[in-house]
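Ready to find your way around a new structure? Work through the exercises below with the picture open, and try each task before you read its solution.

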Amino acid sequence: MASSLRLEENCFLEQYGEKAKQYARFHFYPICPGPNLVLGCKPYADGMAITLLLQDESVKGLQFLKDDQWFKAPIIPEAVVINIGDQAEIPSNGLFKSPVHIVVTG
């Protein structure tokens, strides 16, 4: 990421230190038995710097907003979705985008 911004390779290490805070959250979204009875999540962008997401083939609800249109996130077995969050978009002056996304029932 630093080289994409034309910064020194270790600039983030110098800025945040070797023991920067890291958070892990684990969510499990089972298949919804009554999708017509729930609203799902409101659109949002991740507040963290980077989010790693391992999708489940049986739950296909992640969508991203681009050009005022919602797109389903493709599910690629054993692949990890990497989401850039607000904490990476802001210091990059928008070079890295924090995408608005939603989780819908289906």
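pLDDT is the predictor's confidence in each residue, from 0 to 100. This is a predicted model, so local features need pLDDT of at least 70 and side-chain atom pairs count only at pLDDT 80 or more, while totals for chains, interfaces and linings use all residues. Residues are numbered from 1 along each chain as its sequence is written, and side-chain values use heavy atoms, with hydrogens and water left out.

**Exercise 1. Confidence**

Task: find the mean pLDDT of the protein chain, and which elements have the lowest and the highest mean.

Solution. Start with the whole protein chain: its mean pLDDT is 86, and 99% of the residues reach 70 or more. Next, go element by element. Helix α1 (residues 11–16) has the lowest mean, 80, and strand β3 (residues 69–72) has the highest, 95. A general reading tip: where pLDDT is low, the predicted coordinates should not be read in detail.

**Exercise 2. The overall layout**

Task: work out how many helices and strands the protein chain has, and in what pattern they come.

Solution. First, the rule for counting: helices (H or I, at least four residues) and strands (E, at least two) are DSSP runs, numbered from the N terminus. That gives two helices and five strands. Now read along the sequence, and you get α-β-β-β-β-α-β.

Then look at the outline. The C-alpha atoms fill a box of roughly 50 × 30 × 25 Å along the principal axes. The radius of gyration of the protein chain is 16 Å, whereas a compact globule of 106 residues would come out near 13 Å. That radius is taken over C-alpha atoms, and the globule rule is 2.2 Å times the number of residues to the power 0.38.

Last step: contacts, meaning heavy atoms within 4.5 Å. Of the contacts with a separation of 6 or more, 67% are between residues 24 or more positions apart.

**Exercise 3. Two residues on one strand**

Task: I82 and N83 both lie in strand β4; decide for each whether the residue is buried or exposed.

Solution. You need the cut-offs: buried means under 20% relative accessible area, exposed over 50%, and partly exposed in between (1.4 Å probe, protein chains only). I82 has 56% relative accessibility, so I82 counts as exposed. N83 has 9%, so N83 is buried.

Now check what each one touches, skipping neighbours up to four places away in sequence. I82 is in contact with I50, T51 and L52. For N83, the list is D46, A49, I50, T51, F64, P99 and H101.

One of those partners deserves another look. The side chain of N83 makes a polar contact with the side chain of D46, at 3.2 Å. (A polar contact is a pair of N or O atoms within 3.5 Å; within protein, one must be able to donate a hydrogen and the other to accept it, and residues adjacent in sequence count only if both atoms are side-chain atoms.)

**Exercise 4. Around helix α2**

Task: start at A88 in helix α2, and find which residues A88 is in contact with beyond its neighbours within four places in sequence.

Solution. A88 has a relative accessible area of 8%, so A88 is buried. The contacts are M1, A49 and F96. Take A49: A88 and A49 are 39 residues apart in sequence, yet their C-alpha atoms are 4.7 Å apart in space.

Now step over to S92, in the loop between α2 (86–89) and β5 (101–103). S92 counts as buried because its relative accessibility is 8%. A polar atom of the S92 side chain lies 3.1 Å from the backbone oxygen of A88.

**Exercise 5. Positive phi**

Task: where are D67 and N93 found, and what is the phi of each?

Solution. D67 is in the loop between β2 (62–66) and β3. Its phi is positive, about 55°, although D67 is not a glycine. With a relative accessible area of 67%, D67 is exposed.

N93 sits in the loop between α2 and β5. N93 isn't a glycine either, and its phi is positive at about 55°. N93 is exposed, since its relative accessible area is 75%.
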